[in-house]
Amino acid sequence: MEYLLQSILNGILAGCIYALFAMGLTLIYGVLNFVNFAHGELIMWGAYFLYLLMEKPIGLPLFLAFIPALLFTTILGLGTDHFIFRPLRQANRLTLLIASLGLSFLLRNGAQFFWGAEIRTYGFEIRRGMRFWGVSITSNQVAIIIVSVVCVALLYLLFYKSRLGKSMRAVSDSLELSRVVGINSKKTIRFTWVIASILAGLGGILLALDTNLQPGMGLINLVKAFAATLLGGVGNLWGALLGGMVIGLVENLGVLVISPGYKDAIAFGIMILMLLLRPMVLLGSKE
Amino acid sequence: MRSILDVQNIYSGYGKIEVLHGVSIHVEKDEIVCIIGPNGSGKSTLLKTLFGLIQPRRGSILFFGKDITQAEPEEMAGMGISYIPQGRNIFPSLTVKENLEMGGSPIRHAKTIEQAMASIFQRYPILENRRQIKAGSLSGGERQLLAFAMGMMVQPKLMLLDEPSLGLAPKIIEEIYEEITTINREGVTFIIVEQNARKVLRLAHRAYVLELGKNRLEDTGEGLLNNEEVKRLYLGG
């Protein structure tokens with residue numbers, strides 16, 4: 001029983017992280033209509049930016065370092081748009097796919113160049129979690145849940161209560177019609193990158209706080225985010241949230257039945273299943 | 001008197017394909033000008049070019065004497081030109097109210113948007129009843145009305161309509177045309193592109209016939225309705 005509760009909690013924690021990744025991914029897809037394979041590297045760089053700011057010679061404490069780390073991630077996200085994706089705005093999907101794949105390699109190898117391929121941590125000593133009804137949860141994990149809930153609430157307010165957020169949804173429906181009615185599409189697209197980058201950076205930082213950092217961390221989690229996105233319907237923000245939760249839970253509950261070594265295979269399995277059942281979601285036109 | 005819109009010798013098209021080979025039109029204040037012609041004559045391309053969605057290769061477009069040949073579509077609504085495209089002309093996943101808000105995108109103050117929306121709702125109570133419904137679930141006629149109302153949000157001086165009757169029932173087409181006439185009397189100038197020429201020629205003050213991307217004829221709506229050649233070619237005898 002305790003083991004089951006612990007697995008559910010672990011599933012929710014993983015689900016929060018996946019949801020943060022998947023929502024960013026799906027936002028970019030919705031507004032710009034392409035799958036950004038380099039989204040995983042925004043996640044990874046977010047975590048490494050925090051590492052950079054917390055390590056010597058800068059040595060900031062966590063609460064001072066995470067805002068500049070998110071700022072750097074946002075600048076990186078905007079930079080990739082400005083220098084790579086914006087010049088390719090009129091290009092076809094295959095070109096964009098390959099460009100984002102190339103960018104993903106470049107950014108991953110860039111991190112490896114500076115910090116090496118080895119696993120790093122932020123250097124907090126491992127503390128015993130608090131225990132409730134036999135379930136253990138660390139303060140970092142509490143932070144994961146709080147941050148995720150706050151993010152979702154802010155996103156809701158942004159998309160349904162603010163003009164900018166509504167414009168983002170409009171651009172996601174139709175870029176051409178947005179231009180026709182006079183929405184500033186350039187500003188809206190830039191803002192979409194800001195939101196997606198912040199979600200990626202936050203998710204990456206939370207993930208690294210809970211586990212560790214390595215240059216490949218974005219790639220494997222991007223696959224989970226893909227699976228979540230497909231599950232929730234590509235371009236659908238709340239679907240991505242739900243999909244992330246489902247993937248996190250299924251993965252961690254699956255461990256009860258099969259060996260933890262196959263954990264990642266579950267997300268892949270879901271993704272392949274979704275592609276077989278709804279093959280048009282990735283490449284076809286969205287409804 | 002200076003024309004509202006003065007279009008001189010426009011060449012325009014998509015990629016390597018040139019669709020318009022030197023089209024000229026002019027539109028006077030408070031006119032309803034209709035553009036008819038067979039499929040592929042460049043009617044829709046002309047509207048897109050006027051609105052800046054396609055950059056013309058040659059020629060000039062003056063709006064109240066101001067050169068807008070190079071202007072971007074985002075700037076048009078703010079200058080008082082609304083364009084209602086054919087087909088996808090609403091945001092299906094946004095509610096009716098949000099669609100109207102998007103129609104008011106160039107308006108800076110939220111208060112002004114609310115006032116504009118209130119007057120739209122007064123004019124079209126059906127949209128007010130449906131304001132919380134996703135626009136994607138509206139009927140064809142309601143969609144067209146919403147698209148039209150979105151264009152009205154900025155209180156335009158000139159409205160460009162691309163086949164407003166496309167796919168609608170005859171009764172609804174009548175209603176839409178009647179509405180166009182009413183708004184025209186309130187001082188809004190119209191350019192209407194139509195395949196369905198007979199009906200629109202009755203309300204048009206003046207009309208152009210395009211053929212293969214060139215001006216073919218120009219006359220009053222009445223004149224074209226009675227023109228034997230137009231009757232034979234475009235009005236089905």
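**Figure 1. Surroundings of Gln155(B) in the predicted model.** Gln155(B) is partly exposed, since 15 other C-beta atoms lie within 10 Å, in a model that is predicted. The residue lies in the loop between helix 6 and strand 7 (residues 158-162) of chain B. Its phi is near 45 degrees, a positive value in a residue other than glycine. The count of 15 falls between the cut-offs, because a residue is called buried at 20 or more such neighbours and exposed at 12 or fewer.

**Figure 2. The loop between helix 1 and helix 2 of chain A, with Asn33(A)****.** Asn33(A), which is found in this loop, has a positive phi of about 65 degrees although it is not a glycine. The residue counts as partly exposed, because 16 C-beta neighbours lie inside 10 Å.

**Figure 3. The cis peptide bond between Lys56(A) and Pro57(A)****.** The bond that joins Lys56(A) and Pro57(A) is cis, with omega at about 5 degrees. Pro57(A) lies in the loop between helix 2 (residues 39-54) and helix 3 (residues 62-85) of chain A.

**Figure 4. Helix 2 of chain A and its enclosure by the rest of the structure****.** Helix 2 of chain A has 16 residues and reaches 23 Å from its first C-alpha to its last, which is close to the 22 Å expected at 1.5 Å a residue. Of these 16 residues, 13 are buried, so the helix is largely enclosed by the rest of the structure. In a view centred on Ala47(A), the contacts of this residue, not counting residues up to four places away in sequence, are Gly204(A), Ile205(A), Leu207(A), Ala208(A), Leu213(A) and Met217(A).

**Figure 5. The largest nonpolar core****.** The largest nonpolar core has 149 residues, and the members that touch the most other members are Ala19(A), Phe21(A), Ala47(A), Cys34(B), Leu146(B) and Leu160(B). The largest share of this core, 16 residues, comes from helix 1 (residues 2-32) of chain A. In soluble globular proteins, nonpolar side chains tend to be buried together.

**Figure 6. The two sides of helix 4 of chain B, one with buried residues and the other with exposed residues****.** Helix 4 of chain B (residues 110-123) has 14 residues, which at 1.5 Å a residue should span 20 Å, and its end C-alpha atoms are 20 Å apart, so the two values agree. Ile113(B), Ala116(B), Met117(B) and Ile120(B) are buried in this helix. These residues cover an arc of only 100 degrees around the axis, which puts them on the same side of helix 4 of chain B. On the other side of the helix, Lys111(B), Ala118(B) and Gln122(B) are exposed. The cover over the buried residues includes helix 3, helix 5 (residues 125-129) and helix 6 (residues 140-152) of chain B.

**Figure 7. The contact between chain B and chain A****.** In this interface, 19 residues of chain B are in contact with 14 residues of chain A. On the side of chain B that touches chain A, the elements that give two or more residues are helix 2 (residues 73-79) and helix 3 (residues 96-103) of chain B. By class, this side of chain B has 10 nonpolar, five polar and four charged residues.

**Figure 8. Chain A as the setting for the close-up views of its loops and helices.** Chain A has 12 helices and two strands, which follow one another along the sequence in the pattern α-α-α-α-β-β-α-α-α-α-α-α-α-α. The radius of gyration of chain A is 19 Å, close to the 19 Å that the globule rule gives for 287 residues, so the chain is as compact as a globular protein of that length. Along the principal axes, the C-alpha atoms of chain A fill a box of roughly 60 × 50 × 35 Å. Of the 287 residues of chain A, 45% count as buried, and among contacts in this chain between residues at least 6 apart in sequence, 76% join residues at least 24 apart.

**Figure 9. Chain B as the setting for the close-up views of helix 4 and Gln155(B).** Chain B has 10 helices and 10 strands. Its radius of gyration is 17 Å, close to the 18 Å that the globule rule gives for 237 residues, so chain B is as compact as a globular protein of that length. The C-alpha trace of chain B spans about 50 × 40 × 40 Å along its principal axes. Buried residues make up 44% of the 237 residues in chain B.

Key
Residues are numbered from 1 along each chain as its sequence is written. Chains are lettered from A and ligands numbered from 1 in the order in which they are written. This is a predicted model: local features need pLDDT of at least 70, side-chain atom pairs count only at pLDDT 80 or more; totals for chains, interfaces and linings use all residues. A nonpolar core is a set of buried Ala, Val, Leu, Ile, Met, Phe, Trp, Tyr and Cys residues joined through C-beta atoms within 7 Å. Helices (H or I, at least four residues) and strands (E, at least two) are DSSP runs, numbered from the N terminus. Two residues are in contact if their C-beta atoms, placed from the backbone, lie within 7 Å. Ala, Val, Leu, Ile, Met, Phe, Trp, Tyr, Cys and Pro count as nonpolar, Asp, Glu, Lys and Arg as charged, and the others, Gly among them, as polar. The expected span of a helix is 1.5 Å times one less than its number of residues. The arc is that of the directions from the helix axis to the C-beta atoms. The radius of gyration is taken over C-alpha atoms; the globule rule is 2.2 Å times the number of residues to the power 0.38.
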